[in-house]
Amino acid sequence: MLLSTFLRPASALLLLSAVGCSFDLNERPNANNDATATTVPAATLQEVRWELVDLAGQPATAAEQTPYLVLQGGRARAEGRAGCNRFSGPYTLFTAGRLRLGPLVTTRSTCPDIQTEVSFLQALNQAQRYRISGNTLTLFTADTLGTPLARLKAVAE
């Protein structure tokens with residue numbers, strides 16, 4: 001009886017301290033964690049026009065045409081516009097939150113703001129992970145805790 005009187009409060013205290021100190025790795029995704037709490041199913045990622053909002057944390061500069069990305073679901077094909085040039089190429093969805101684009105090919109028109117195009121295409125080619133929150137798609141390298149490569153918003157076509 002004395003032992004059970006001691007063990008009940010001690011086990012309850014142990015459970016409470018474990019609950020209070022628990023940390024779900026899914027709450028802070030990183031390079032070693034494939035699942036993310038804020039990732040939505042791939043169907044939401046595909047067949048949506050994603051327009052560029054910022055690159056590497058900086059607002060995207062105005063381009064001849066707004067850069068955008070569309071991931072075609074049935075063909076696993078990425079298409080879009082980097083500014084004045086169009087691009088396309090394959091993409092692969094691995095597990096939720098993991099994406100690889102490319103190799104991407106582009107048209108070769110002369111553009112007044114080529115730097116935004118180059119930066120956007122580099123971000124797409126470097127993307128390995130993504131996160132969707134509301135109507136915002138964020139692309140990352142392998143480390144989702146660092147500065148995002150690009151942030152895009154969903155728009156109606």
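# A tour from Asp54 to the core

Begin at Asp54. At 11% relative accessibility, Asp54 counts as buried. This is a predicted model. Asp54 belongs to strand E1. Show its contacts, leaving aside neighbours within four places in sequence: Pro59, Ala60, Leu149, Ala150 and Arg151. Keep Ala150 in mind; strand E10 comes up again below.

**Zoom out: the whole chain**

Colour the chain by secondary structure. There are three helices and 10 strands. From the N terminus on, the order is α-α-β-β-β-β-β-β-β-α-β-β-β. Now colour by burial. Of the 157 residues in the protein chain, 34% are buried. For contacts with a separation of 6 or more, 47% are between residues 24 or more positions apart.

**Stop 1: strand E9**

Select residues 136-140, strand E9. Four of its five residues are buried, so the strand is largely enclosed by the rest of the structure.

Which strand is joined to E9 by five bridges? It is E8, residues 129-133, and the two run antiparallel. Pick Ile132 and look across to E9: Leu137 stands opposite. Then go to the turn. The hairpin of E8 and E9 has two residues between the strands, and there Gly134 takes a positive phi near 65°.

Next, add residues 150-155, strand E10. Four bridges join E10 to E9, and this pairing is antiparallel too. Here Leu139 stands opposite Ala150. Ala150 is also one of the contacts of Asp54, where the tour began.

**Stop 2: the largest nonpolar core**

In soluble globular proteins, nonpolar side chains tend to be buried together. In this model the largest nonpolar core has 26 residues. Select the members that touch the most other members: Leu71, Phe87, Phe120, Leu124, Leu137, Leu139 and Leu152. Which elements each supply at least two residues of this core? They are E1 (49-55), E3, E5, E6 (99-101), H3, E8, E9 and E10. H3 gives the most, with four residues.

Centre on Leu124. Not counting residues up to four places away in sequence, Leu124 touches Leu69, Phe87, Leu101, Leu104 and Leu139. Leu139 is the residue of the E9–E10 pairing that stands opposite Ala150.

**Stop 3: the aromatic pair**

Show the rings of Phe87 and Phe120. A pair of aromatic rings is described by the distance of the centres and the angle of the planes. How many aromatic pairs does the model have? The count comes to one. Phe87 and Phe120 form it, edge-to-face, with 6.1 Å centre to centre and 70° between the planes. The pair links distant parts of the chain: Phe87 sits in strand E5 (residues 86-93), Phe120 in helix H3 (residues 114-126), 33 residues apart.

Are these two rings buried or exposed? Phe87 has a relative accessible area of 3%, so it is buried. Phe120 is buried as well, because its relative accessible area is 0%.

**Stop 4: Leu71**

Move to strand E3, residues 68-72, and select Leu71. Its relative accessible area is 0%, so Leu71 is buried. Draw a C-alpha distance to Tyr91: it is 7.8 Å, with their positions 20 residues apart along the chain. Beyond neighbours within four places in sequence, the contacts of Leu71 are Leu45, Gln46, Glu47, Val48, Arg77, Ala78, Tyr91, Leu99 and Leu101. Leu101 is also touched by Leu124.

**Stop 5: Arg81**

Go on to strand E4, residues 77-81, and pick Arg81. Is this charged residue buried or exposed? Arg81 is buried, because its relative accessibility is 13% and buried means under 20%. Show its side chain. A polar atom there lies 2.8 Å from the backbone oxygen of Cys84. Not counting residues up to four places away in sequence, Arg81 touches Gln65, Thr66, Pro67, Tyr68, Arg86, Phe87 and Phe120. Phe87 and Phe120 are the two members of the aromatic pair.

**Stop 6: two arginines over rings**

Stay with Tyr68, one of the residues touched by Arg81. Add Arg49: its charged end sits over the Tyr68 ring, 3.7 Å from the centre. Finish at Phe94. Here Arg98 lies over the face of the ring, at 5.3 Å from its centre.

How values were computed: Residues are numbered from 1 along each chain as its sequence is written. This is a predicted model: local features need pLDDT of at least 70, side-chain atom pairs count only at pLDDT 80 or more; totals for chains, interfaces and linings use all residues. Side-chain values use heavy atoms; hydrogens and water are left out. Buried means under 20% relative accessible area, exposed over 50%, partly exposed in between (1.4 Å probe, protein chains only). Contact means heavy atoms within 4.5 Å. Rings of Phe, Tyr and Trp (its six-membered ring) pair if their centres lie within 6.5 Å; planes under 30 degrees apart count as stacked, over 60 as edge-to-face and the rest as tilted. A charge sits over a ring if NZ of Lys or CZ of Arg is within 6 Å of the ring centre and within 35 degrees of the ring normal. Two strands pair if DSSP finds at least two bridges between them. A polar contact is a pair of N or O atoms within 3.5 Å; within protein, one must be able to donate a hydrogen and the other to accept it, and residues adjacent in sequence count only if both atoms are side-chain atoms. A nonpolar core is a set of buried Ala, Val, Leu, Ile, Met, Phe, Trp, Tyr and Cys residues joined through side-chain atoms within 4.5 Å.
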